[in-house]
Structure formats: C-alpha cells, structure tokens
Amino acid sequence: MEHLPQMVTFAYVVQTGSFAAAARRLGVATSVTSKHVSKLEKMLGARLLNRSTRRLSLTEVGAAYYEHCARIVEEVDSSVRSIEGLQARPCGLLRVTAPPSFVTQHMIPMLGEFRRRYPEVDLEFDASNRVIDLAQEGYDLALRVTQTPAPNMIARKLAHLKVVLCASPAYLEARGTPRKPADLTKHDCLVFSLTHPEPVWNIRSASEVIPVTVKAAFRANTVDPLHQLALGGMGVAPLPLYLVAEDIKHKRLVHLLPDCQPGSESDLYAVYLPHRYIAPKLRAFVDFLIEQIGPEPYWDRMLADMNKKR
C-alpha cells in the first residue's frame, strides 16, 4: 500500500501522455510526478518509461505494470463515483467532438429535444475532422466515421454509412449523365483523398467491382469542400448519404448510378474511454443518439422513399 500514490501517478502519466498533464490532473507539481515514477522504477529495478524530448512510451515492463496500476485507479475512481453518482441524474458539462458536417446537419436539430429531456446537461462541441485524444484534451465522447474503431476505446455503432455518387443538375446538363461506371472517365471528378489516395474509384455493383481511373478535377481530405463543389456544378463526387440526402430530395443534386456503390462504406460510432463507470450524462447522450438515428438512419429511409416514387 505504501506505493499506491506512485502507482496512481504512473497510471495518470501513461493515460495523459506527459508528466505535466498528469501533474495538472493530480493537482501537484510536475517534479512530483517525475519523482513518483522514478521511485517506482527504483523499487521495481526496471525502467517503466522511455523518455524523449517529444514523447513518452512504455517499456515492455512498463506496459505490463501499467495494466495493474490502471485497474487499481479504475477501482478507486469507480468506488468513489458509484457512491457519488448512485441514482444520479444526468447533469454537468458534456464535451463532444464530431465531424462538422454531421454536427450542422444532424446533431443541431436533435439538441432541442435532448435539452428538453435533460435540462441539466450542458453541451460543448468541437466540430472538426481532427482526431482528438479524449483523455489528453478532456472530451467525453467522439463521433467517428471509420471501418475499424480503436480497440482501446468503447465504440457503439450508431449507423452504417452509405456513399453515393452525385452531381448537380447544371453539371449534368452541360456534361451529360453517366449511365455506367466507365462513363465516369469522361467527367470531372471530385476526389476524397483520404479514401482514394490514387484517382481510382472501385465501383461495386451487385455482381462485380469495376476499377475506374477518373480525372481528379479537385482533391480534398475532407468531404465538406467536395460537397460544396458538387452543389456548385464542378463535377461528380462520392459523398456520404447523410450529407446529401436533403440535396437529392430537393433536387439540388442528382443520385448517379443508384445500383452501384463507389468504394467501401464505413460506420458511424460513438466512441468513449473505457471507464467501468459511465457518467449518467454520457450514457444518456449515447442512448439518445442511438434512439434518434438507428437502427435504420432516417437519411437512408429518405432515399429509399425517393427511389420508390421513381
């Protein structure tokens, strides 16, 4: 038991990624956290951390020892929180990071109902595409579009995200409408560089995958500029349906090659740190998102209804 403070300090250093961040979390001087870890290493007779001017990394011994320390910290935190939060109502500040396009089109319209249900929960959003370290930056939840969520996080699937090819009516009037995948080679295409580092779109039909080398008239590492360029008549773009369903409904964009899928699909996940104790405000928000979005996203139903009317 005499080494418990040092074990807690070591766990916080690993979780936050630095001695200074751990010191802020513990409310002590940075020199204290450094001394605590050094004391542990002396007691164990082994180095726990590789230190450099840029980052810290665990040694093999450190990784094994951290698992034990993290469990102790989690048990202590859980015991305190379970008493404090027993039957607690959702309240306090909830910090969320999410893609800006999803926040604007889908999160904002939901928030009125969430606040009506949980008036004591205050919300703060980081609407950006950067991948935030939740522990380091103090966020409770991230909404992430991915095929493989990080294995060290809790990830609850909110929706399967479809991607559709689309272009504006003005562009199609000027350049013609592609009727088959090969026709795309004759068009200006707007390329999402994160999923297509090379300008090759693998167009999937029910029976085959057709690789098509397209002319990349514009490339970007986020979908928002591609969306705006497509609306402005600048070319054909593969865009997530959640972003363009309203545009297709109101005929600002045309859904092209509806029987084909441009490239691989992803999923939308609510991702949070793997604490045994989940704060009521976080649980309430994640459950609310699942209720509002799933199991079949409303933007998928919108497109299905439009296809039935054709």
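Partly exposed, in these legends, means a relative accessible area between the buried range, under 20%, and the exposed range, over 50%. The model shown is predicted.

**Close-up A. Asp188 and Arg175 pair up through their side chains in a salt bridge.** The N to O distance here is 3.1 Å or less? The figure to read off is 3.0 Å. Arg175 belongs to helix 7 (residues 169–175) and Asp188 to strand 8 (residues 188–192), so the bridge ties together parts 13 residues apart in sequence. Arg175 has a relative accessible area of 36%, so it falls in the partly exposed class. Asp188, at 16%, is buried.

**Close-up B. Arg156 reaches Asp287 in another salt bridge.** Their side chains meet at 3.1 Å, N to O. Because Arg156 sits in strand 6 (residues 154–161) and Asp287 in helix 10 (residues 280–293), this pair links parts of the chain 131 residues apart in sequence. Both ends are partly exposed: Arg156 has 30% relative accessibility, and Asp287 has 36%.

**Close-up C. Asp122 meets Arg115, and a salt-bridge network takes in Arg116 and Arg117.** The Asp122–Arg115 contact is 3.1 Å, N to O. Asp122 comes out partly exposed at 41% relative accessibility, and Arg115 is partly exposed too, at 37%. Which residues make up the network? Glu113, Arg116, Arg117 and Glu291 are linked in it. Across the whole structure there are 14 salt bridges.

**Close-up D. Phe10 and Tyr65 make a tilted ring pair.** With a cut-off of 6.5 Å between ring centres, the count for the model comes to 9 aromatic pairs. In this one the centres are 6.0 Å apart and the planes sit at 40°, so the pair is called tilted. Phe10 comes from helix 1 (residues 4–16) and Tyr65 from helix 4 (residues 60–84), so the rings tie together parts 55 residues apart in sequence. How buried is Phe10? Its relative accessible area is 0%. Tyr65 is also buried, at 14%.

**Close-up E. Phe102 and Tyr242 meet edge-to-face.** Their ring centres are 5.3 Å apart and their planes are at 75°, so the pair earns that label. Phe102 is in helix 5 (residues 100–117) and Tyr242 in helix 9 (residues 241–249), so the contact joins parts 140 residues apart in sequence. Both residues are buried. Step back a little and a cluster appears: Phe102 and Tyr242 join Tyr298 and Trp299 in one aromatic cluster.

**Close-up F. Two arginines lie over tyrosine rings.** Arg25 is over the face of Tyr12, 4.1 Å from the ring centre. Arg95 does likewise with Tyr139, at 4.0 Å from the ring centre.

**Close-up G. Val244 is among the residues with the most contacts inside the largest nonpolar core.** That core has 46 residues, and Leu141, Leu143, Leu239, Phe285 and Trp299 are listed alongside Val244 for most contacts. Setting aside residues up to four places away in sequence, what does Val244 touch? The partners are Val164, Cys166, His227, Leu239 and Leu253. Another core lies apart from this one, with 18 residues that include Ala11, Phe19, Val37 and Leu40. As background, nonpolar side chains tend to be buried together in soluble globular proteins.

**Close-up H. Helix 1 is followed by a glycine with positive phi.** The helix has 13 residues and spans 18 Å from first C-alpha to last, close to the 18 Å expected at 1.5 Å a residue. Its buried residues are Gln6, Met7, Val8, Thr9, Phe10, Ala11, Tyr12, Val13 and Thr16. Just past the helix, Gly17 has a phi of about 90°.

**Close-up I. Lys251 and Leu257 have positive phi without being glycine.** For Lys251 the angle is about 65°; this residue is in the loop between helix 9 and strand 13 (254–256). For Leu257 phi is near 45°, in the loop between strand 13 and strand 14 (261–262). Are these two buried or exposed? Lys251 is exposed, with a relative accessible area of 67%, whereas Leu257 is buried at 9%.

Terms used
Residues are numbered from 1 along each chain as its sequence is written. This is a predicted model: local features need pLDDT of at least 70, side-chain atom pairs count only at pLDDT 80 or more; totals for chains, interfaces and linings use all residues. Side-chain values use heavy atoms; hydrogens and water are left out. Rings of Phe, Tyr and Trp (its six-membered ring) pair if their centres lie within 6.5 Å; planes under 30 degrees apart count as stacked, over 60 as edge-to-face and the rest as tilted. Helices (H or I, at least four residues) and strands (E, at least two) are DSSP runs, numbered from the N terminus. Buried means under 20% relative accessible area, exposed over 50%, partly exposed in between (1.4 Å probe, protein chains only). A charge sits over a ring if NZ of Lys or CZ of Arg is within 6 Å of the ring centre and within 35 degrees of the ring normal. A nonpolar core is a set of buried Ala, Val, Leu, Ile, Met, Phe, Trp, Tyr and Cys residues joined through side-chain atoms within 4.5 Å. Contact means heavy atoms within 4.5 Å. A salt bridge is a side-chain nitrogen of Lys or Arg within 4 Å of a carboxyl oxygen of Asp or Glu. The expected span of a helix is 1.5 Å times one less than its number of residues.
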